[in-house]
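Colleague: Please take a close look at the salt bridges in this predicted model. Go pair by pair, and say where each partner sits.

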2 protein chains.
Amino acid sequence: MNQRIVVIGGLAAGPSAASKAKRINPDADVTLLEQSEHVSYGICEIPYYIGNVVQDPDNLIVFTPNDLGKEKGICVRTLSVVEEIDPVNKSLAVRDLRKGKIDEVPYDKLIIATGSRPKTLGFPGEDARNVFQIKSLDGAFALKKYIGEEKPAKAVIVGGGYIGMEMAEALVANGIETTILHRSDLPMSGLEAGTKQMVLEELGRQGVRFHPKTQVKRFITDSAGKVYKLETSSGDFSADLVIVAIGVEPNTELALKPRISLGPHGGITTDQRQSTSVDSILAAGDCCEVRNFVNNAWMYAPLATIATRQAWVAGENAAGGTAVFKGALRAIAVKVFDLEVARVGLSSREAQESGFDVVIDSIDAHSRIWFFPNSAKLHVTIVLDKRSRRILGANLIGKDGAVLRANTLSVAIQQRLTIEEISHLDLIYTPPFSPLWDPLLIAANRLKKRK
Amino acid sequence: MNQRIVVIGGLAAGPSAASKAKRINPDADVTLLEQSEHVSYGICEIPYYIGNVVQDPDNLIVFTPNDLGKEKGICVRTLSVVEEIDPVNKSLAVRDLRKGKIDEVPYDKLIIATGSRPKTLGFPGEDARNVFQIKSLDGAFALKKYIGEEKPAKAVIVGGGYIGMEMAEALVANGIETTILHRSDLPMSGLEAGTKQMVLEELGRQGVRFHPKTQVKRFITDSAGKVYKLETSSGDFSADLVIVAIGVEPNTELALKPRISLGPHGGITTDQRQSTSVDSILAAGDCCEVRNFVNNAWMYAPLATIATRQAWVAGENAAGGTAVFKGALRAIAVKVFDLEVARVGLSSREAQESGFDVVIDSIDAHSRIWFFPNSAKLHVTIVLDKRSRRILGANLIGKDGAVLRANTLSVAIQQRLTIEEISHLDLIYTPPFSPLWDPLLIAANRLKKRK
């Protein structure tokens with residue numbers, strides 16, 4: 001009998017793992033189970049679809065069920081909800097939402113790729129028809145339709161993180177007056193204070209109102225079932241549209257019954273082969289935690305880059321391979337209107353909590369020679385461990401060249417370079433693109449002096 | 001008596017070395033000798049001044065003699081030509097071009113920073129008033145004036161290297177019909193064939209005529225002393241303006257008498273402290289060769305980035321320090337009209353000549369997700385050593401994100417990463433700036449399969 005590999009979850013890690021498994025062992029029967037109608041779409045692109053940067057919704061679809069089936073030879077079952085994993089008999093109880101009945105699906109190897117789900121506020125009114133989360137393609141279509149048909153004038157975004165920033169830009173692009181309500185004093189936790197301050201200033205320049213230290217207490221709905229007011233710790237806010245974007249958490253209900261080990265952040269923990277604590281069950285993607293190789297601690301970093309690489313490893317190993325995923329650092333960026341905002345490695349707070357002897361410092365430099373076209377100010381903050389002289393993390397923010405420079409620092413952090421080594425890196429100088437002293441070198445030369 | 005540090009050469013390495021020496025030992029008497037009237041200007045920016053990208057010539061000046069004197073405490077002597085170095089008595093014979101007489105200038109430590117000079121064709125007519133090289137600020141002013149006043153219609157650039165590319169863009173920006181005559185079949189030696197081909201196509205799109213395998217034989221001048229025709233191996237070319245840009249060579253005449261060791265490319269060789277083979281004489285910048293730390297061979301790489309770093313080391317050590325310059329790789333880029341063209345590390349030819357077991361391969365990818373604004377095709381070529389799996393070099397060419405991605409590979413090459421390690425690097429994905437699989441990862445994943 002052919003090897004039976006079953007993958008639960010059809011968004012990002014799932015299809016990647018299933019495809020990889022089939023490539024490694026073309027004789028395997030690979031089944032992908034997905035609870036919605038869609039598989040393999042670009043959830044990260046949804047704010048840009050709402051903001052009309054991406055016009056064609058087809059561009060959001062990476063693979064259709066048919067692509068995965070016909071082209072890759074994977075059996076795709078959409079509208080199929082796994083209700084339970086039986087690790088002893090190696091089988092799943094799967095509810096077919098079309099037929100309403102439960103099947104038993106046996107497996108030799110199982111890959112859990114159930115992803116994440118947005119956190120909720122837990123209030124009545126959160127399911128009102130003008131309250132949206134950015135979590136699914138259907139939700140994106142509904143939001144787009146709502147904006148097109150009902151032309152909301154005022155929006156409130158609950159949460160000033162990455163999705164909050166992207167959605168603010170998307171809503172402003174639709175001509176909607178936008179207010180962000182945020183728990184903390186500055187947007188985007190995880191960034192250094194100076195970076196956050198610059199994000200806040202950009203929001204102000206773009207006409208977005210930002211209310212710090214604001215807790216939402218209640219949604220007030222009208223007779224048509226729409227929220228029209230939010231009661232908060234900073235007073236009332238009226239709204240025609242509400243976006244809730246307060247972060248995500250791993251989807252790990254299915255891990256409970258088979259007693260799969262979870263980590264400190266509630267995600268599934270695996271070894272370097274993406275095997276869970278339970279025999280023949282692997283996991284990949286946003287339902288997992290990941291080893292941060294800067295401080296060697298578990299972190300929850302629901303990023304498509306990490307998910308895809310874990311998925312390749314899980315898929316290969318489910319099919320008999322011996323691939324390894326060694327961990328990751330946070331290498332993330334977001335566009336905040338006209339700014340590129342990037343972060344790599346540990347924040348100063350994470351670094352302190354991990355016991356490093358932290359010093360941070362910042363520089364402002366020009367992205368290109370200052371009198372050349374497209375040159376813009378770039379603000380670079382580096383988190384340094386004074387004992388080892390290693391750099392542990394960095395923030396870059398500016399209108400030009402922040403993200404790709406962050407990648408250069410990402411490699412430097414992964415290679416455990418000291419600040420002195422970074423100050424000696426050979427980087428390109430060419431007047432229209434990069435100054436004689438690249439901002440990364442200017443930052444390193446400054447930090448080098450901090451003993 | 002205070003320590004006497006004398007620096008010969010006032011363009012790039014010289015002022016940096018002098019400034020560093022004075023910072024390290026504020027009591028030293030630091031003297032900078034420069035044969036022209038100007039010090040410390042941006043020779044790399046000259047094509048952009050000719051092309052009117054840089055409007056204000058003051059932007060070309062980094063430091064005036066006065067800046068270096070008053071602000072930094074350096075004694076600057078312009079129009080001062082060193083005629084001879086006496087290493088036994090530690091003194092220089094210096095001709096003062098204002099007074100026409102020769103002084104003796106003693107030193108305790110001498111730093112030679114005499115730079116490079118453009119190669120010449122050696123023909124009569126090369127000194128005609130409409131023949132220019134890109135070698136000095138005065139030359140740039142003369143060329144700008146010539147274009148403004150005499151409005152040349154047709155230009156011929158002899159040489160299809162970096163300066164040839166930049167000058168072609170500058171002349172086209174002035175509305176001048178531009179022809180490049182080049183020795184080899186494709187422009188820009190040192191790049192891989194596929195990259196050169198894309199450069200050639202860009203020249204064609206921009207209306208620049210490129211004549212390959214063309215040797216200039218003779219300049220034909222009119223009665224007013226201007227070249228109006230070039231006889232070449234590919235026939236005659238008429239011209240109102242000629243730019244000669246056939247490369248540079250190290251300026252090392254002064255090294256001969258004191259028998260300072262030179263390397264295989266005719267540049268001064270130094271140890272890691274920038275000391276030459278002669279006691280108390282250091283050297284830095286374009287007059288030097290540099291250790292390429294990819295193949296550990298001497299190379300001649302007249303780049304401002306390398307010059308400045310050597311200068312800091314030479315300046316610090318002349319003043320009593322123990323700084324080290326370990327070498328460099330070639331990390332260079334040029335704008336060819338709408339393209340960013342970057343190269344890091346060894347070319348495939350250099351790699352073969354150094355005994356590596358070379359494989360090269362290329363990919364085309366999008367710089368950002370293909371349906372996002374500003375996304376453009378990026379062509380990445382990687383030079384791999386099959387035995388060690390290290391990457392030795394790379395070319396990147398495209399309209400977006402080539403140069404800064406080359407820096408990321410530069411770090412990878414400096415860290416001797418294997419292609420497998422590069423394929424596992426954590427790089428940023430964020431829709432408006434970078435795709436899920438960065439072009440660098442796509443390239444690494446492809447090369448990984450080449451065993």
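Modeller: Start with helix α6 (residues 193-205) of chain B. B:E202 and B:R205 are three residues apart in this helix, so about one helical turn separates them. Their side chains form a salt bridge, with 2.7 Å from N to O. The two ends have unlike surroundings. B:E202 has 1% relative accessibility and counts as buried, because the cut-off for buried is under 20%. B:R205 has a relative accessible area of 57% and is exposed, since exposed means over 50%.

Next, a pair between two strands. B:E177 and B:R209 meet through their side chains in a salt bridge at 3.5 Å, N to O. This pair links distant parts of the chain, 32 residues apart. B:E177 belongs to strand β11 (residues 177-181) of chain B, and B:R209 to strand β12 (residues 209-211) of chain B. B:E177 is partly exposed, at 32% relative accessibility. B:R209 is partly exposed too, with a relative accessible area of 46%. Both values lie between the cut-offs of 20% and 50%, so neither residue counts as buried or exposed.

Now a helix and a strand. The side chains of B:R446 and B:D361 form a salt bridge of 3.1 Å, N to O. Here too the pair links distant parts of the chain, with the two positions 85 residues apart. B:R446 lies in helix α12 (residues 439-448) of chain B, while B:D361 lies in strand β23 (residues 358-366) of chain B. The arginine, B:R446, is partly exposed at a relative accessible area of 42%. B:D361 has 14% relative accessibility, so this aspartate counts as buried.

Chain A adds a network. Salt bridges with shared partners join A:R77, A:K101 and A:D103 into one. Over all chains, the count comes to 50 salt bridges.

Charged residues also turn up at a cavity. The structure holds three cavities of 30 Å³ or more, and the largest has about 50 Å³ of space. Its lining draws on both chains: A:T305 and A:R309, together with B:L425, B:D426, B:L427, B:L436, B:W437 and B:L441. By class, that lining has five nonpolar, one polar and two charged residues.

Last, confidence. Chain A averages a pLDDT of 96, and 100% of the residues score at least 70. For the complex, the predictor gives an ipTM of 0.95 and a pTM of 0.95.

Terms used. Residues are numbered from 1 along each chain as its sequence is written. Chains are lettered from A and ligands numbered from 1 in the order in which they are written. This is a predicted model: local features need pLDDT of at least 70, side-chain atom pairs count only at pLDDT 80 or more; totals for chains, interfaces and linings use all residues. Side-chain values use heavy atoms; hydrogens and water are left out. On a 1 Å grid over the protein atoms alone, a cavity is a set of points where a 1.4 Å probe fits but cannot get out, and a pocket is an open set with protein on both sides within 12 Å along at least five of seven lines; lining residues have an atom within 4 Å of a point. Grid points are joined across faces, edges and corners, and a volume is the space filled by probe spheres set on the points. Ala, Val, Leu, Ile, Met, Phe, Trp, Tyr, Cys and Pro count as nonpolar, Asp, Glu, Lys and Arg as charged, and the others, Gly among them, as polar. pLDDT is the predictor's confidence in each residue, from 0 to 100. A salt bridge is a side-chain nitrogen of Lys or Arg within 4 Å of a carboxyl oxygen of Asp or Glu. Helices (H or I, at least four residues) and strands (E, at least two) are DSSP runs, numbered from the N terminus. Buried means under 20% relative accessible area, exposed over 50%, partly exposed in between (1.4 Å probe, protein chains only).
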